[in-house]
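Biologist: Hi! Could you walk me through this one?
Modeller: Sure, here it comes.

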Amino acid sequence: MSEDSTETPRIVTCTAPVNIAVIKYWGKRNEDLILPINSSLSVTLHQDQLKTTTTVAISRSFQEDRLWLNGKEEDISHPRLQSCLREIRRLARKRRSDGDPRSTDSVGLSHKVHICSVNNFPTAAGLASSAAGFACLVYTLAQAFGVEGELSGIARQGSGSACRSMYGGFVQWIMGNKEDGKDSVAQQVEPEGHWPELRILVLVASAERKQIGSTSGMQTSVKTSLLLKHRAEAVVPRRMVDMIEAVQRKDFPAFAELTMKDSNQFHATCLDTHPPIFYLNSVSQQIIHLVHRYNKYYGETRVAYSFDAGPNAVIFTLQQFVPEFVQLVQHFFPPDRNGEDFIKGLLVKCADIPVELKQSIGLESVPKGINYIISTKAGPGPRVVEDPSQHLLSVEGLPKKMV
């Protein structure tokens, strides 16, 4: 690679969060623009525990656009990635042609970009890695090229759920009706500080790559599942209204019931797909039993589960119930490691479990069924990393770390 030693690349680093949908997105009406068949709603998880970090370097000395993911160089010609790059460059050109003084004059729009991105969680294991990844890519490119304004529609073209990771707190993705997708955007429902007692536990049952990816799974469901059609047209619109109300009122029992019902219906549509898709495993099913029996013991809904396209459970609860429920998880899924390594993220206090509670739940233990727990809460949207030492690319535009 030839270098122009007179020019230092423009380098920007940002982070973006994972989001977990409580009203699920499954199925597209337009594959190219990634337009969904129903609206969805998610909680943005805190970046102190789960995030993607992306560095973008722009320079005239670069010979071509290049991409590194988690320390390995990848093919940058991926159509969805190219869609995001193309759209950011188009907006940057438009700003410059409009004579916007805030446009980045120092960056030639024909200059090539080097992109380096890392996750601090398992990629493609049902933890919404593509959502955080594309949100971070679009946000960082926008910062580097001096592009402002509505970016969720661009992130959507990378990965549908990425549009929801462009905001913190509680976020809805409005499905929209326009053919060009201009009205299919994300919108914050409430900020991250709205419900401070809410806690989220990610129970990682598997960090392996799932057998059937979301994209191909959705395509098959749209073609073959009558239940999916019914869900999109008759069920989700009402659930969106009810869920937004539950979030705004901080009504945990209503929020929890809707969350579990929607997760179960999503997986029912996967079973209704032909041939059927199985994202849950036996550990996932045991977690579902644990939650329902725990709630039944107390005669109230204290805990809820949600599963995306993978076996990992996302547990929603209130801060006061976290210690006891985590102890229950450790009791029924004895870990292959000590408590400190088993629970990552926000501190979880110890708790004693009543003997009657263990007996009432009455599940067989599944040793090593859960690899670890990530303890977190709602968090902010993408942000710029101001410290240059945190850049993933050197001043030569190459990764500081490689696998």
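Biologist: Thanks! Where does Asp65 sit?
Modeller: Asp65 is in the loop between strand E6 (51–59) and strand E7 (66–69); helices (H or I, at least four residues) and strands (E, at least two) are DSSP runs numbered from the N terminus. Bear in mind that this is a predicted model: local features need pLDDT of at least 70 and side-chain atom pairs count only at pLDDT 80 or more, while totals for chains, interfaces and linings use all residues. Residues are numbered from 1 along each chain as its sequence is written, and side-chain values use heavy atoms, leaving out hydrogens and water.

Biologist: Got it. Is Asp65 buried or exposed?
Modeller: Buried, with a relative accessible area of 14% for Asp65. The cut-offs are under 20% for buried and over 50% for exposed, with partly exposed in between (1.4 Å probe, protein chains only).

Biologist: And what does the side chain of Asp65 make a polar contact with?
Modeller: The side chain of Arg89, at 3.0 Å. The Asp65 side chain also reaches the backbone nitrogen of Val113 at 2.8 Å. A polar contact is a pair of N or O atoms within 3.5 Å; within protein, one must be able to donate a hydrogen and the other to accept it, and residues adjacent in sequence count only if both atoms are side-chain atoms.

Biologist: Which residues does Asp65 touch, not counting those up to four places away in sequence?
Modeller: Ile76, Leu85, Arg89, Lys112 and Val113. Contact here means heavy atoms within 4.5 Å.

Biologist: Arg89 is in a helix, right? How do H1 and H2 cross?
Modeller: The axes of H1 (residues 79–97) and H2 (residues 129–145) come within 10 Å and cross at roughly 25 degrees. Axes are lines fitted to C-alpha atoms, for helices over the stretch in contact, and angles run from 0 to 180 degrees between N-to-C directions. That makes H1 roughly parallel to H2; under 35 degrees is roughly parallel, over 145 roughly antiparallel, 65 to 115 roughly perpendicular and the rest oblique.

Biologist: Which residues make that contact between H1 and H2?
Modeller: From H1, Arg80, Leu81, Cys84, Leu85, Ile88, Arg89 and Ala92; from H2, Phe134, Leu137, Val138, Leu141, Ala142 and Phe145. By class, the H1 contact with H2 has 11 nonpolar, no polar and two charged residues. Ala, Val, Leu, Ile, Met, Phe, Trp, Tyr, Cys and Pro count as nonpolar, Asp, Glu, Lys and Arg as charged, and the others, Gly among them, as polar.

Biologist: New topic: at what angle do H5 and H6 pack?
Modeller: About 165 degrees for H5 (residues 226–249) and H6 (residues 252–272), with their axes 10 Å apart. H5 and H6 are therefore roughly antiparallel.

Biologist: And H7 with H8, what angle there?
Modeller: H7 (residues 282–298) and H8 (residues 322–332) pack at about 130 degrees, with axes 12 Å apart, so they are oblique to each other. Leu290, Val291, Tyr294 and Tyr298 of H7 meet Glu324, Phe325, Leu328, Val329 and Phe332 of H8.

Biologist: Last one: where is Gly168?
Modeller: In the loop between helix H3 (152–156) and strand E10 (170–173). Gly168 counts as buried at 4% relative accessibility. Its C-alpha atom is 8.1 Å from that of Pro17, 151 residues apart along the chain.
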